[in-house]
Amino acid sequence: VAAIERARSDRGAAHVALAGGTTPRRAYEMLAADGLDWSNVHLWFGDERCVPPDDRESNYRMVREALLEPAGIPSEQVHPIDGTADPDEAARAYGASLPGRLDLALLGLGEDGHTASLFPGDPLLEDPAPARAVVASKPPPRRITLGLGVLRAAGERIILAAGVGKADAVAAVLRGPDPAYPASLIDADLIVDEAAAAKAT
């Protein structure tokens, strides 16, 4: 909320990239109940699975259920990734539609250290494209993700992690940049629960 308010105060609008997966859902539910004024807040997506928007694997569906509908955010302020189009074409189109800079990138963290759909071992991890299609190492494999450059350039960056299964990844991020843990390549604030922080030093 503070990051959104700062951006709106400084620039008149806030552009926020949202994380998918399971961890952020509770944060979105809390945001929806917060009573935040959502005017001039534009919501983007850090990544999307190549599935229809009503599929249970869709990041858009999760965000819609947890945040968009409960908060009544107008559809014209929401910018989903087309998970049904050709992935390369959808990635190019999404990259071209992005604002000059995101004000906030809200990110998740996988047990393997991935964030958005930037996975360990991806030979194109440092691809300068703002968004690109990827084949992930976990299902569903076909995805579209924002690139490292876009995420690094965001005004503020926050990584959320919860559960003991994330403890090794959190520790790796805190050790510093390592391509084996793509999330560590983004300078971000971490918000974690006690279980995820179990191996933090």
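Where does isoleucine 158 lie? It is found in strand S7, and it makes a good starting point for a walk through this model, which is a predicted one.

Let us begin with the sheet around that residue. Five strands, in the order S2-S1-S4-S7-S8, make up an open sheet with parallel pairing. Strand S2 (41–45) and strand S8 (189–192) are at its edges; each has a single partner strand, so one side of each is left without a neighbour in the sheet. From one strand to the next, the twist averages 20°. Further in, strand S1 (residues 14–18) pairs with strand S4 (residues 104–107) in the parallel sense, over two bridges. If you would like to find this pairing on the structure, look for valine 16, whose bridge partner in S4 is leucine 104.

Now back to isoleucine 158. Its relative accessibility is 17%, and since buried means under 20%, isoleucine 158 counts as buried. Which residues is isoleucine 158 in contact with, leaving aside its neighbours within four places in sequence? They are Leu104, Ala105, Leu106, Leu107, Ala188, Asp189 and Ile191. You can also use isoleucine 158 to get a sense of distance: glutamate 29 is 129 residues apart from it along the chain, and the C-alpha atoms of the two are separated by 17 Å.

Helices come next. Helix H1 (residues 2–11) lies across S1, S2, S4 and strand S7 (156–161), and it runs at about 145° to S1. H3 also packs on this sheet, where it touches S1 and S2, and its direction makes about 150° with that of S2. Helix H6 (residues 167–175) has the buried residues Ala167, Ala169, Val170, Ala171, Ala172 and Val173. S7 and S8 are included in what covers them. After H6 comes glycine 176, which has a positive phi near 120°.

H3 has a helix partner as well. Two packed helices are described by the angle between their axes and the distance between the axes. For helix H2 (residues 24–32) and helix H3 (residues 59–71), the angle is about 5° and the axes are 8 Å apart. Angles under 35 degrees count as roughly parallel, and H2 and H3 are therefore roughly parallel to each other. On the H2 side, the contact is made by Arg25, Tyr28, Glu29, Leu31 and Ala32, while H3 brings Met62, Val63, Glu65, Ala66, Leu67, Pro70 and Ala71. What kinds of residues form the contact of H2 with H3? Nine are nonpolar, three are charged and none is polar. Glu29, the residue used above to get a sense of distance, is one of those in this contact.

There is a second sheet to explore. Three strands form this open sheet in the order S3-S6-S5, with antiparallel pairing. At the edges stand strand S3 (47–49) and strand S5 (131–135), each with a single partner strand, so one side of each is left without a neighbour in the sheet. Here the twist from one strand to the next averages 20°. S3 and strand S6 (residues 142–146) run antiparallel and are joined by three bridges. Within S6, threonine 145 stands opposite aspartate 47. Helix H4 (residues 87–97) lies across S5 and S6, running at about 150° to S5.

The loops hold some details of their own. Serine 58 is located in the loop between S3 and H3, and with a relative accessible area of 3% it is buried. A polar atom of the serine 58 side chain lies 3.1 Å from the backbone nitrogen of arginine 61. Not counting residues up to four places away in sequence, serine 58 touches Glu48, Val51, Pro52 and Pro53.

What is the peptide bond from proline 139 to proline 140, cis or trans? It is cis, with omega near -15°, and proline 140 lies in the loop between S5 and S6.

Two more loop residues are worth a look for their backbone angles. Asparagine 40, in the loop between H2 and S2, has a positive phi near 60° although it is a residue other than glycine. Alanine 116, in the loop between S4 and S5, is not a glycine but has a positive phi of about 50°. Are these residues buried or exposed? Asparagine 40 is partly exposed, with a relative accessible area of 42%, whereas alanine 116 is buried at 12%.

Key. Residues numbered from 1 in each chain as written. Predicted model: local features only at pLDDT ≥ 70, side-chain atom pairs only at ≥ 80, totals over all residues. Heavy atoms only, no water. Axes fitted to C-alpha atoms, helices over the stretch in contact; angles between N-to-C directions. Helix = DSSP H or I, 4+ residues; strand = E, 2+ residues; numbered from the N terminus. Parallel < 35°, antiparallel > 145°, perpendicular 65-115°, else oblique. Contact = heavy atoms within 4.5 Å. Nonpolar A, V, L, I, M, F, W, Y, C, P; charged D, E, K, R; others polar. Pairing = 2+ DSSP bridges. Buried < 20%, exposed > 50% of the residue type's maximum accessible area, 1.4 Å probe, protein only. Polar contact = N/O pair within 3.5 Å; in protein donor to acceptor, adjacent residues only side chain to side chain.
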